[in-house]
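I opened this entry to look up the enclosed and open spaces in the structure, and to note which parts of the chain line them.

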Amino acid sequence: MATTEIKKIIYGVVGLVIGILVSLSLAGIIGAYTELGAKGLVTAIVKGFADTRSWRAALPYFIPIAASAIGLAVAYRAAFITIGAEGQVILGAASAFWLLYYVFEGHGASLAVSLALMLAGLAGMAYSLVVAALRIFIGVNEILSSLMLNYVAIGIVNYLVAGPWQQGGYTRTAMLPRAQSLSLGVGVALVLFIGVLLELFIVYTKYGVAIDAVKHARRAAQTYGVSISSTILLVSAIQGFVAGMGGAAMLLVVLRQLRSIGLQGWGYGYMGILAAWLGGLHPIGALAASLLISLLYSLRSMLQLYGISDSLVLALEAILVLSMLAFTTLALRRGGE
């Protein structure tokens, strides 16, 4: 078992390296048709990765993306293919804001922040359990129901910031006081801690075995007394709780107020889906993949400083992520033989 896991990790890293090399080669081909030329474009990308400012700028995005990814990695291991992390992140942030601004204004910061994180997690969990209940009791496809609930969460927040919670002439809320915030280091450490905890949960507990059995050997799992419905409820609760808490952490570390989020939301939950698969459905792998995706996200502004247009940056990022995902998946399959 241990040998297989090590083999998978080695193959995964090899796939990642091949994916990066392939994407850089494609970037060079595309760059030949730009003013920078092939060499200039590839050099700009490599410099962007090597610049420590890119890494520092990536950390605020890392918090909600990683929080989404580690929970989704657990859910996907049980073949519960939800895409509802986006809505849970947004709802978690809104729940935390409500508690801090309307309930705990002027009260002790540490207690208030702790309770806000907990409430956000519970809100995300409740939202996720709706999707699980629809799947278990009615048979509704969780991809469709979670997607629709994402739009519901976006609509709720847009309504609140343009109505009951609006402050001033813009569609935004008031700012939370500095005392009711988290440092970037604490926010990142919180997500890392939960990621490690979930990895241990998957690898070393009987629940982790049951979760994998539901996906890979459902009939055998049922024969040995594993409840499919209970397992789906468990992974759904974990996934929603972590995503909701990630939304609150994003609010407390970076935003400190809510603004209109348009029709598509922030997108962190959707990036978490990509990070979960890129990380091989391991919470630890999802953390690493989230850092990479966050870095790509922060590189957008830096690469534009080198004269690369925003649309080309987006296309290059998509090529990079797709290449890494394809070759990592192929390598992991090879490693699992």
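I began with the walls of the largest cavity, keeping in mind that this is a predicted model, and found that its lining divides into 7 nonpolar residues, 1 polar residue and no charged ones.

I then looked up how many such spaces there are, and the count came to 1 cavity of 30 Å³ or more. For the largest cavity I noted a volume of about 40 Å³.

Next I wrote down the names of the lining residues of the largest cavity, which are Ala67, Leu190, Val191, Ile194, Val242, Met245, Gly246 and Ala249. When I asked which helices they come from, I saw that α7 (184–204) and α10 (228–255) each supply at least two residues of this lining, and that the largest share, 4 residues, comes from α10.

I turned from the cavity to the pockets, and for the second largest pocket I recorded a volume of about 310 Å³. This pocket is lined by 20 residues, of which Ile45, Phe49, Leu292, Leu296 and Leu320 are the closest to its centre.

I also checked which helices build the lining of the second largest pocket, and found that α1 (2–31), α2 (37–50), α12 (283–305) and α13 (310–335) each give at least two residues. Among the contributors to this pocket, α12 gives the most, with 7 residues.

My last check was on residue class, where the lining of the second largest pocket came out as 18 nonpolar, 1 polar and 1 charged, and I set this beside the lining of the largest cavity, where no charged residue appears.

Methods. Residues are numbered from 1 along each chain as its sequence is written. This is a predicted model: local features need pLDDT of at least 70, side-chain atom pairs count only at pLDDT 80 or more; totals for chains, interfaces and linings use all residues. Side-chain values use heavy atoms; hydrogens and water are left out. On a 1 Å grid over the protein atoms alone, a cavity is a set of points where a 1.4 Å probe fits but cannot get out, and a pocket is an open set with protein on both sides within 12 Å along at least five of seven lines; lining residues have an atom within 4 Å of a point. Grid points are joined across faces, edges and corners, and a volume is the space filled by probe spheres set on the points. Ala, Val, Leu, Ile, Met, Phe, Trp, Tyr, Cys and Pro count as nonpolar, Asp, Glu, Lys and Arg as charged, and the others, Gly among them, as polar.
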